[in-house]
Amino acid sequence: MLSAVIGRARRTARLAVGRVLMIMTTPLRLAARGLIAVRPGLEPRLAEHAWLWQPGWGRACHERLYRRPDPYGIGISEYEMAKYDLVVDVLEQIGAPRGRGRVLEVGCGEGLLSARLADYAAELVAVDISDAAVGRARIALADRPNVVVERRTLPLDMPAGSFDLVVCSDVLYYWEPRTFDRGLERLVESLRPGGRLVLLHYRGDFGQAGTGDAVHDAARRRALNDPELRHELSHTLRDAGPAGAGIRVDVLARATGLQTLRLPQQLHDSPAEARLRTTEVHTS
Ligand SMILES: C[S@@+](CC[C@H](N)C(=O)[O-])C[C@H]1O[C@@H](n2cnc3c(N)ncnc32)[C@H](O)[C@@H]1O
């Protein structure tokens, strides 16, 4: 009882602090964007000030979380494992080829999902904002020669080159709305012809700068308004994740040339989905 009250109070405080930080950093963010417009070379340096681009969830915050290994309890969480299985089910359904192509994973953490994604890549570039997470991911993935792990703050510090597959799992909701708009553009621009952008986000609000719904709604709009993009798959699990807030999955595909217009397909026969609905997850 007492722990539930404390939990609720902590959550309310976190949400309030997030909103205040977002408002307070707005003028600085505008100034930084102005600077970048005049001197684009400054962008990688300004990327380091992640607190501007994802207020309340900057680099220091993620480094603090990663002071201890596996801060999200991913390695011991049935829910997180089922979530990763869902990503793999999606890749299978869209026919992502195994062992081919160049793949980008945004926010790889300690590399647990990366180990699964590596099967779908000739080269996987796994990036994370946190030095500590990157260090552990490098150790965990040392036996996967097709994986490089890099410390980068996206979207301002994108890796060079283009990709056949970009996977963003529970990460884009840290970016405040304009950073996200710009970031979505960069991710879409980085897709090769026929390349896919796979998005999976929890729908709950835990004080992030954005929300899972905003991320996925914007991605859908982006696909609708661009003849070069196709909204290939769309799926909402309404009663999964912490507090049953739900999870959304969307896949955008860059046109290859000759393509017929189709409605996005639903995810079918995903065994992970049933597990995501029934697995108990801890909330704070
Ligand atoms: C909630 S965890 C999700 C980890 C993993 N993708 C998953 O789905 O389980 C978010 C991860 O994104 C990383 N991250 C947050 N902001 C980032 C940014 N701007 N650029 C790169 N990584 C970021 C964090 O350090 C953390 O490892």
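This is a short tutorial dialogue on reading one predicted model, from its sheet to its ligand shell.

User: Let's start with the sheet. How many strands form the sheet, and in what order?

Analyst: To read a sheet, go across it strand by strand. Here 7 strands make an open sheet, ordered β3-β2-β1-β4-β5-β7-β6, and the pairing is mixed. At the edges sit β3 (147–151) and β6 (229–237), and each of them pairs on one side only. On average, neighbouring strands are turned by 15 degrees against each other, direction ignored.

User: What does mixed pairing look like up close? Which way do β1 and β2 run, parallel or antiparallel?

Analyst: Look at the strand directions and the bridges. Strand β1 (residues 102–106) and β2 run parallel, joined by 5 bridges. One spot to look for is Glu-105, which stands opposite Ala-126 in β2. Between those two strands the chain passes through helix α7 (residues 112–117), in a right-handed β-α-β crossover.

User: And what joins β2 to β3?

Analyst: Another 5 bridges, with the strands again parallel. Val-127 has Glu-150 in β3 as its bridge partner. The chain gets from β2 to β3 by way of α8, and that β-α-β crossover is right-handed too. Helix α8 (residues 131–140) lies across β2 (123–128) and β3, at about 165 degrees to β3.

User: Where do I find antiparallel pairs?

Analyst: Go to β6 and strand β7 (residues 247–254), which pair in the antiparallel sense over 8 bridges. His-231 is matched with Leu-252 in β7, and Leu-233 stands opposite Val-251. β7 also runs antiparallel to β5, with 7 bridges joining the two. There, Leu-200 has Val-249 of β7 as its bridge partner.

User: How do I judge whether a strand is covered? Is β7 buried or exposed?

Analyst: Count its buried residues. In β7, 8 of its 8 residues are buried. Then check both faces: Ile-247, Val-249, Val-251 and Ala-253 point one way, while Arg-248, Asp-250, Leu-252 and Arg-254 point the other way, and all are buried. β2 is mostly covered as well, with 5 of its 6 residues buried.

User: Which helix packs on the sheet over β7?

Analyst: To spot one, follow which strands a helix touches. Helix α6 (residues 78–93) packs on the sheet and touches β4 (163–169), β5 (191–202), β6 and β7. Its direction makes about 150 degrees with that of β5.

User: Let's try a single residue. Where is Ala-272, and why is Ala-272 called buried?

Analyst: For one residue, find its element, then its surroundings. Ala-272 sits in helix α11 (residues 271–278). Ala-272 counts as buried because 21 other C-beta atoms lie within 10 Å, and the cut-off is 20 or more. Setting aside neighbours within four places in sequence, Ala-272 is in contact with Ala-82, Asp-85, Leu-86 and Asp-89. For a separation in space, take Gly-207: Ala-272 and Gly-207 are 65 residues apart in sequence and 27 Å apart, C-alpha to C-alpha.

User: Last one: how many residues surround the ligand, and which are the closest?

Analyst: List the shell, then sort it by class. The ligand has 21 residues around it, and the closest are His-62, Gly-107, Gly-109, Ile-129 and Ser-169. Sorted by class, the shell holds 11 nonpolar, 7 polar and 3 charged residues.

Technical notes: Residues numbered from 1 in each chain as written. Predicted model: local features only at pLDDT ≥ 70, side-chain atom pairs only at ≥ 80, totals over all residues. Pairing = 2+ DSSP bridges. Helix = DSSP H or I, 4+ residues; strand = E, 2+ residues; numbered from the N terminus. Axes fitted to C-alpha atoms, helices over the stretch in contact; angles between N-to-C directions. Contact = placed C-beta atoms within 7 Å. Buried ≥ 20, exposed ≤ 12 C-beta atoms within 10 Å, placed from the backbone. Right-handed = clockwise from strand over helix to strand, strands pointing away. Near = placed C-beta within 6 Å. Nonpolar A, V, L, I, M, F, W, Y, C, P; charged D, E, K, R; others polar.
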